[in-house]
Amino acid sequence: MICNPKIKTMNEMTIWRNIKQNASNLGRGTTRILLELYYVLKAPTTSVWDKTIIVSALGYQFLPNQLLSKEKHGVFGYADNVATLMIAYNKVKKRVTPQIAVQVDRTLNQWFGYTAIDYDNRYIY
């Protein structure tokens with residue numbers, strides 16, 4: 001999914017830059033999940049444990065060598081990325097506040113353009 005072998009350390013800026021650079025390839029729906037994880041990570045109310053889960057899941061996306069590489073396994077090479085993100089997202093999605101949802105919507109609109117209704121039928125403004 002998101003793989004950059006030049007990355008040696010991961011911080012908020014690295015995560016943000018990679019999400020933004022890969023957004024058009026990943027599409028609006030996947031980018032929404034990544035942004036929600038990112039903004040939950042930044043929230044001061046997020047527990048250390050949940051932040052660890054998020055950083056681990058997002059960090060895995062940046063690894064140059066993954067459990068299932070897309071070069072060797074084709075479409076199945078994305079399975080480990082999807083599984084990692086979905087496990088993390090399902091664990092922390094309850095922490096996506098209305099404020100975070102609005103922040104994500106605004107970012108998506110900047111990157112993908114404005115849409116009146118998003119994929120889950122929430123109005124975007």
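A polar contact is a pair of N or O atoms within 3.5 Å; within protein, one atom must be able to donate a hydrogen and the other to accept it. This notion will be needed at two stops of the tour below, which visits a predicted model.

**The whole chain**

Begin with the protein chain in a cartoon view. Five helices and zero strands are present, and reading along the sequence gives the pattern α-α-α-α-α. Of the 125 residues in the chain, 41% are buried. Should a surface be displayed next, its accessible area comes to about 7500 Å², and carbon and sulfur atoms account for 59% of that area. Among contacts with a separation of 6 or more, 62% join residues 24 or more positions apart.

**Helix α1 and its bend**

Select residues 12–42, which form helix α1. How far apart are the end C-alpha atoms of this helix? They span only 8 Å, whereas a straight helix of 31 residues would span 45 Å at 1.5 Å a residue. Now centre the view on G27, where α1 bends by about 130°.

**Two arginines of α1**

Select R28, which also belongs to helix α1. Is R28 buried or exposed? R28 is counted as buried because its relative accessibility is 17%, and the cut-off for a buried residue is under 20%. Follow the side chain of R28 outward: the backbone oxygen of G113 is reached at 3.3 Å. G113 itself may be selected at this point; this residue stands just after α5 and takes a positive phi of about 95°.

Proceed along α1 to R32, another residue of that helix. With a relative accessibility of 1%, R32 is counted as buried. Which side chain does the side chain of R32 meet in a polar contact? The partner is the side chain of D105, at 2.7 Å. Add A101 to the selection: R32 and A101 lie 69 residues apart in sequence, and their C-alpha atoms are 9.2 Å apart in space.

**Helix α5**

D105 and A101 lead to α5, where both are buried, together with I100, V102, V104, T107, L108 and N109. Select residues 98–112 to display α5 as a whole. This helix has 15 residues, and the distance from its first C-alpha to its last is 20 Å, close to the 21 Å expected at 1.5 Å a residue. Keep α1 visible as well, for the cover over the buried residues of α5 includes α1.

**Helix α2**

Next, select residues 48–62, which make up α2. Its 15 residues reach 21 Å from the first C-alpha to the last, close to the 21 Å expected. Colour the buried residues of α2: D50, I53, I54, A57, L58, G59, Y60, Q61 and F62. These buried residues pack against α1 and α4.

**T84 in helix α4**

Turn to α4, residues 79–92, and select T84 within this helix. T84 is classed as partly exposed because its relative accessible area is 23%, a class that lies between the cut-offs of 20% and 50%. Which residues does T84 touch, leaving aside those up to four places away in sequence? They are A57, Y60 and Q61. Measuring in the viewer from T84 to Q61, one should find 8.5 Å between the C-alpha atoms, although the two residues are 23 positions apart along the chain.

**The nonpolar core**

Show the side chains of I15, L35, L37, Y39, I54 and L58. These are the residues with the most contacts inside the largest nonpolar core, which has 25 residues. Helices α1, α2, α4 and α5 each supply at least two residues of this core. Which helix gives the largest share? That helix is α1, from which 12 residues come.

**A last stop in a loop**

Finally, select T45 in the loop between α1 and α2. Is T45 buried or exposed? T45 is counted as exposed, because its relative accessibility is 64% and the exposed class begins over 50%. Add R95 to complete the view: T45 and R95 are 50 residues apart along the chain, and their C-alpha atoms are separated by 8.7 Å.

How values were computed:
Residues numbered from 1 in each chain as written. Predicted model: local features only at pLDDT ≥ 70, side-chain atom pairs only at ≥ 80, totals over all residues. Heavy atoms only, no water. Helix = DSSP H or I, 4+ residues; strand = E, 2+ residues; numbered from the N terminus. Buried < 20%, exposed > 50% of the residue type's maximum accessible area, 1.4 Å probe, protein only. Contact = heavy atoms within 4.5 Å. Areas by Shrake-Rupley, 256 points an atom, 1.4 Å probe, with all protein chains shown as cover. Expected span 1.5 Å × (residues − 1). Bend = angle between axes of the 7 residues up to and from the residue. Core = buried A, V, L, I, M, F, W, Y, C linked by side-chain atoms within 4.5 Å.
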